[in-house]
Amino acid sequence: MSKKITMGRRAFMKTSAAVVAAPMIVPSTVFGQNAPSNRLNMGAIGCGSMGNSNIDNFLKRDDVQIIATCDVDRTHLNKTTAKIEQAYAKKNGMNDYKGCKEFGDFRDLIARDDIDFVMIALPDHWHSIPAIMAANAKKDIYAEKPLARTIAEGRAIVNAVEKNNVIWQTGSWQRSVPHFRQACELVRNSKIGKLLKVEVGLPTGKGIELQKEMPVPDGFDYDFWLGPAPWSPYTEQRCHWNFRWILDYSGGQLTDWSGHHIDIANWGSGKERTGPVEVKGAGAYPRDGLWDAATEYSFECTYADGMKLTVKNNSDTGTPMGAKFIGTEGWVHVDRRGMTTEPMGLMTSITGPDEIHLYKSNNHWGNFIDCVKSREQTITPPEFAQRSISVGHLGDIAMQLRRPLKWDPDNEKFIGDPEADRMLQRSFRAPWRLPV
Amino acid sequence: MLPFFMRIDLRNLWLTCFPIDFELSGYNTIEWFVRHCLIIYFMIKYFVLSLQYLYLKGGSMKTAHDRSYLKWWLLLAIAGMAALMMVSCSTPVEFDADFQKLMTYTFGDSREPLMVIQDRIRASYGDAEERLNLELQLAELLKIESSWECKDFACRQLMIVGTKKSVKALSGLFGNEKTADMARFALEKINDPSADKALCDALEGASGKTLVGIINSLGERRSASSVSALEGFASNADSDVAKAAKDALAKIDN
């Protein structure tokens, strides 16, 4: 299942340099495999909550050195950099360590030649531009889900990653949790018979009251934070974690969680490289207040083979969080707490040697690093991320337009609905544009 | 409410009375013919009479009186067309009650007036007459003294439902950086050469981020007709402008 990534220019240069230099320097085995020269240098773009969560995971690794951080909020930036430097000081038994350079502009960080990979954890409206620039600069990329704010931006990321042969891991970490893999293997191996339907339950959203314009806090580059999104007055509840609830930047709980449970639905049903052909549903969007993303949602996707995928917010709909695969001979439900099945015996079923074994990863960040070294494909390449978030975006578009839509998953266009096609891509505020 | 074929839309009288462009008229073909069956009847009648007069040595127009009669009717028809055009062009768009509540909207106010208009737009899918009515009012919001947030809302709606009828109003927003972005968001989506022309025309006189944004939009539209204009900017002294032009040309080339 895995795909070898052909060696890029930077990887080739590194390998070539190592071959030439090897006889002239002390072999790395003298220092061990995690000698400084063997470490991968990381640049962290985005020092908010998810950025810090990823940084914590990379800090645990001896084969990664975080040498640069970037954020438009200087408070976040300073705090995260201090955390990184303290961690390295402690790890090396030093009183003080200074080796992590701060940036306010991700373009300056990407331009550094000594960075091997970047971690991108930004608001969704900022996913595509840095990702494409990093790929064009031949940096490997660990990036947060969802892949992008729009389907067109997601496709542009996939194209850039594939064109540049860089390694990509999406932060859909549930794939690296064993019981999710076990559930998907049960479905793939037809242990519940023919798969008829997948029911996905995601969190319910919420609104907030009207907000007044506020002065931009010192040290926060608000214009840069808005970036390609339409200009709007600053107010505290717009930014940082709360970007998720505003349609200019994200799609609410629906798109935030598409990269988790819809991703698992795609994994189990084998729909990781395609999408539905029809989508219909209804959602509730706050009519007032600052946050405007869907708080309640219920839509149904139909695939070319007849399989149905329903996506609902989990309160009042009877749909539990997670993904429930329903087949002709039973069902499997999986969420973060574990797996339940019907018949119950499936819980202890072991995938046989001649059956389908899905990609195995027990550490999402470790899988990425392993793949950076081996140039193999990660467990969540960008195409898979594009297909999971596409379902969320399609549902959101159908709910916003309030009509059923027909979708061509190969060409990623709506069929006979140019108005809906207009919602596949957003225009960028100047001077930003999708990089070539 | 009167049935649709009895309602008079002064603003669109010209567009709807003559078969120059069904799409522009905002009506589907059947609706247009029902509305205008009498006009069509007289147009065909006098067209046939004219042909008879010109090519069939008079045809049924046997006497000088008949020919004079035809001449006066043709003159009357021409005068009628001119009057229709004048009425159509001079009749301002009148905002309905929902739009009037929108004009003073600013950030921090209740969004309900916006939601009402958005509901109407979403509900009008497939209703060409209502779409035309809504689009003309949205475009008019861009021309009048209204809040910045009101114009922003209008542009966001025109991103989805804007047609060539909105291009002129959108073109009027290139005066400053903030409204220029809003105009581009809508113009980028309008699938008509008039949008390319509007963007190309706006290149002249634009500078800084506004100029970069317009170039970006032409690139996103894969606007082949703007290649020669963009080539001129590829060697611009402003490196941001030059890079934007090169990227736009690369997108068009792909």
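Which helix of chain B does Ile44(B) lie in? In this predicted model, Ile44(B) belongs to helix H4 of chain B, a run covering residues 37-55. Ile44(B) also turns up on the surface, where it joins Phe47(B), Val48(B) and Leu51(B) in making a nonpolar patch of about 360 Å².

Over in chain A, there is an open sheet to look at. Nine strands make it up, and reading across gives the order S13-S12-S11-S7-S10-S9-S8-S14-S15, with mixed pairing. At the edges sit strand S13 (338-342) and strand S15 (413-414) of chain A, each of which pairs on one side only. Strand S7 of chain A, residues 195-202, is a handy place to see what "mixed" looks like, with S11 and S10 as its neighbors in the order. Towards S11(A), which spans residues 322-327, the pairing is antiparallel and runs over six bridges. Here Glu199(A) stands opposite Lys324(A). Towards S10(A), residues 308-313, S7(A) again has six bridges, but these two strands run parallel. On this side, Lys197(A) has Lys308(A) as its bridge partner. As a general point, side chains in a regular strand alternate between the two faces of the sheet.

Then there is the meeting of the two chains. The size of an interface is often given as the accessible area lost when the parts come together. For chain A and chain B, the buried area comes to about 3300 Å², with 47% of it on carbon and sulfur atoms. Three arginines stand out on the chain A side: Arg287(A), Arg422(A) and Arg433(A) supply 25% of the area that chain A buries against chain B, more than any other three residues. Counted by residues, 39 from chain A are in contact with 37 from chain B.

Polar and charged pairings also link the chains. Between chain A and chain B there are 25 residue pairs in polar contact, counting pairs with both residues at pLDDT 80 or more. Salt bridges between the two chains number seven. One salt bridge pairs Arg433(A) with Asp247(B), and their closest N and O atoms are 3.0 Å apart. Arg433(A) therefore appears twice in this account, once in the salt bridge as defined by a cut-off of 4 Å and once among the three arginines named for buried area.

Methods: Residues numbered from 1 in each chain as written. Chains lettered and ligands numbered in written order. Predicted model: local features only at pLDDT ≥ 70, side-chain atom pairs only at ≥ 80, totals over all residues. Heavy atoms only, no water. Pairing = 2+ DSSP bridges. Helix = DSSP H or I, 4+ residues; strand = E, 2+ residues; numbered from the N terminus. Patch = residues over 30% accessible without salt bridge, like charges linked within 9 Å, V, L, I, M, F, W, Y side chains within 5 Å. Areas by Shrake-Rupley, 256 points an atom, 1.4 Å probe, with all protein chains shown as cover. Salt bridge = Lys/Arg side-chain N within 4 Å of Asp/Glu carboxyl O. Contact = heavy atoms within 4.5 Å. Buried area = accessible area lost by both parts, 1.4 Å probe. Polar contact = N/O pair within 3.5 Å; in protein donor to acceptor, adjacent residues only side chain to side chain.
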